[in-house]
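Colleague: I have the sequence and the model open. Can you walk me through the packing and the charged pairs?

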Amino acid sequence: MLVYFVIVPIIVGLILYLLYKSTLVRIFAVIAQLGLVIASVYMFIQARAFTVYEGAIKGGFLGESGIIERIGGYESVMGITLMADTLSAVFIMLTAFFFLIGVIYSFNEQKKPLFWMLMFIWQGALMGIFLTSDFFNIFVLMEVATLIVTVLILFERAKRSMYDGLIYFMANVVIMQFYLLGAGYLYRYTGTLSLYIANEQLKFIEREYIILPYVLIMTFIVLKSALVPMFSWLPKAHGTPGAPSSVSAILSGLHIKSAVYLFLRFQYTFEVVAVPEFFLAIGIITAIVGFIMALAQSDAKLVLAYHTISQIGLIFTGFNIGGPYSYIGSLYHMVNHAIFKSTLFLATGIISYAYGTRTIYDIKGVFKSMPLVGTATLLAIFGITGTPIFNGSISKYFIMSGQQGIMQYILIFMSLGTIISFVKFSTMLWGKPNINIETKKVDIAQQIPILLLGSLCFLGGVFGQQFILFMFNTELSVNPAGYLEKIIIFFISLVVGILIYKYYIKKSKLLKRVKQIDLGFRGICIAMGIFFGIMLIYVGFLQ
């Protein structure tokens with residue numbers, strides 16, 4: 001059953017490419033994708049019943065449990081093993097759902113058969129990453145996904161997109177050598193490429209032999225997750241002008257989560273040498289650098305792209321902070337981020353098409369010219385800023401749960417950065433539409449998905465505890481007094497954020513200089529080497 005989640009999207013993609021002649025073929029794409037959504041929900045319910053839950057503090061859901069499918073009937077050390085536990089099943093559901101959103105959004109926008117084929121094959125590769133439990137299969141699927149994403153970035157063949165796509169491709173080719181070398185060392189010492197069998201074998205191997213493969217593989221994770229210092233490729237890939245908006249939305253909302261997902265898996269595999277405090281520091285730095293870079297941008301897509309970096313930093317902070325509910329809070333924030341960031345990228349695609357520009361300062365009055373798009377955008381802004389009763393407020397509440405002292409202030413500062421960024425972003429919604437800009441008619445097929453996603457930002461807050469119980473089989477409760485404190489902090493932060501934006505951000509010359517910071521391919525490679533060296537020293541000599 002599990003293998004079909006990889007094979008079926010690929011077959012559908014090939015059919016669409018070979019038979020693509022009319023609207024009927026695109027209707028088939030929507031129906032096929034809807035079928036994948038239904039199948040993913042059914043598989044999730046089955047996996048949830050079979051998963052052995054190990055506790056949120058340890059890492060929850062991790063370990064060889066759930067639905068296990070050994071292709072070819074081989075033993076676990078041979079052949080290909082696919083596994084669906086609660087964690088992977090949630091991401092399979094998300095993958096099917098967000099590709100359905102992308103298919104509907106692109107229904108009338110994209111009519112080239114190559115686009116549809118690549119979208120479905122990309123989906124199959126992502127589902128394979130979430131299901132496989134083998135280091136080498138991860139390598140193969142990551143390479144396939146990299147090639148497909150590169151072609152989609154280059155899809156419109158704009159000069160800027162050609163440069164951005166090549167930077168993305170070359171950086172990923174280099175970092176995959178780190179990963180492959182680390183997997184090779186692991187196989188040498190354990191005799192297996194299984195994530196879960198390796199976890200057992202590594203407990204009997206001297207620590208000094210585990211350090212190098214761990215650091216090599218985690219260097220790969222840091223670049224793929226766009227953490228500091230290897231984040232410069234992300235705004236190029238996610239914000240490039242030539243990529244379709246549905247591609248940018250899936251890249252930022254879902255694709256990058258595959259690296260975060262693998263981080264959780266690898267931390268379990270290498271638990272004897274894992275350094276959560278190191279990634280806590282990296283997460284905090286990334287969150288702060290991300291929103292500072294976002295504040296320096298005037299391009300709406302680049303604001304969103306840099307803020308993805310910031311939100312990934314927050315998620316890493318939650319996973320490594322060690323609070324009573326922080327792990328589950330970060331898992332839920334991954335889901336929420338996929339929802340509100342996809343909404344914002346899709347809405348920005350509509351807005352930039354209608355206004356003929358992506359510059360925030362040149363866009364005014366979206367609410368008046370496109371009320372449905374403006375409403376969905378505002379709902380997503382409420383979600384990402386953690387506005388009370390919206391989805392982001394629930395996940396951030398649990399990430400912050402139990403935190404005191406300096407860590408509490410750091411998390412509040414991260415939230416303040418998000419608020420300031422989207423005070424700036426939201427200026428597009430207000431005022432009168434620019435009389436020099438003729439807004440174009442927007443396809444209703446593009447407005448329906450973003451309204452659905454925007455509604456989920458609200459429902460994910462009101463029914464946040466129920467969603468967490470359903471997805472992660474964990475019953476968490478919101479303390480009314482603690483949530484009231486969060487509400488007060490939010491509104492104080494909102495007032496402070498508006499004042500900072502009005503009296504500093506709009507006039508800051510420093511941010512104009514920050515905007516120029518951009519690492520090319522050589523700079524990214526140097527960052528890889530520096531990070532690898534620092535982490536090797538930390539894990540090898542300071543632990």
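Modeller: One term comes up early: buried means under 20% relative accessible area, exposed over 50%, and partly exposed in between, with a 1.4 Å probe and protein chains only. This is a predicted model, where local features need pLDDT of at least 70, side-chain atom pairs count only at pLDDT 80 or more, and totals for chains, interfaces and linings use all residues. Residues are numbered from 1 along each chain as its sequence is written, and side-chain values use heavy atoms, with hydrogens and water left out.

Colleague: Which residues of helix α7 are buried?

Modeller: Helices (H or I, at least four residues) and strands (E, at least two) are DSSP runs, numbered from the N terminus. Helix α7 spans residues 195–202, and six of its eight residues are buried, so the rest of the structure largely encloses α7. The buried ones are Leu 195, Tyr 196, Ile 197, Ala 198, Asn 199 and Leu 202.

Colleague: Is Ala 49 buried or exposed?

Modeller: Ala 49 sits in helix α2, residues 23–50. Its relative accessibility is 66%, so Ala 49 counts as exposed.

Colleague: Are α1 and α4 roughly parallel or roughly antiparallel?

Modeller: Axes are lines fitted to C-alpha atoms, for helices over the stretch in contact, and angles run from 0 to 180 degrees between N-to-C directions. Helix α1 (residues 4–19) and helix α4 (residues 113–131) pack at about 175 degrees, with axes 8 Å apart. Angles under 35 degrees count as roughly parallel, over 145 as roughly antiparallel, 65 to 115 as roughly perpendicular and the rest as oblique. That makes α1, relative to α4, roughly antiparallel.

Colleague: Which helix gives the most to the largest nonpolar core?

Modeller: A nonpolar core is a set of buried Ala, Val, Leu, Ile, Met, Phe, Trp, Tyr and Cys residues joined through side-chain atoms within 4.5 Å. The largest has 187 residues, and those touching the most other members include Trp 122 and Met 535. With 17 residues, the top contributor to this core is helix α14.

Colleague: How far apart are the closest N and O atoms of Arg 265 and Asp 85?

Modeller: A salt bridge is a side-chain nitrogen of Lys or Arg within 4 Å of a carboxyl oxygen of Asp or Glu. Arg 265 and Asp 85 form one, and their closest N and O atoms are separated by 2.9 Å.

Colleague: Which residues are linked in a network of salt bridges?

Modeller: Glu 200 bridges to Lys 203, the closest N and O atoms being 3.5 Å apart. The network links Glu 200, Lys 203 and Glu 271.
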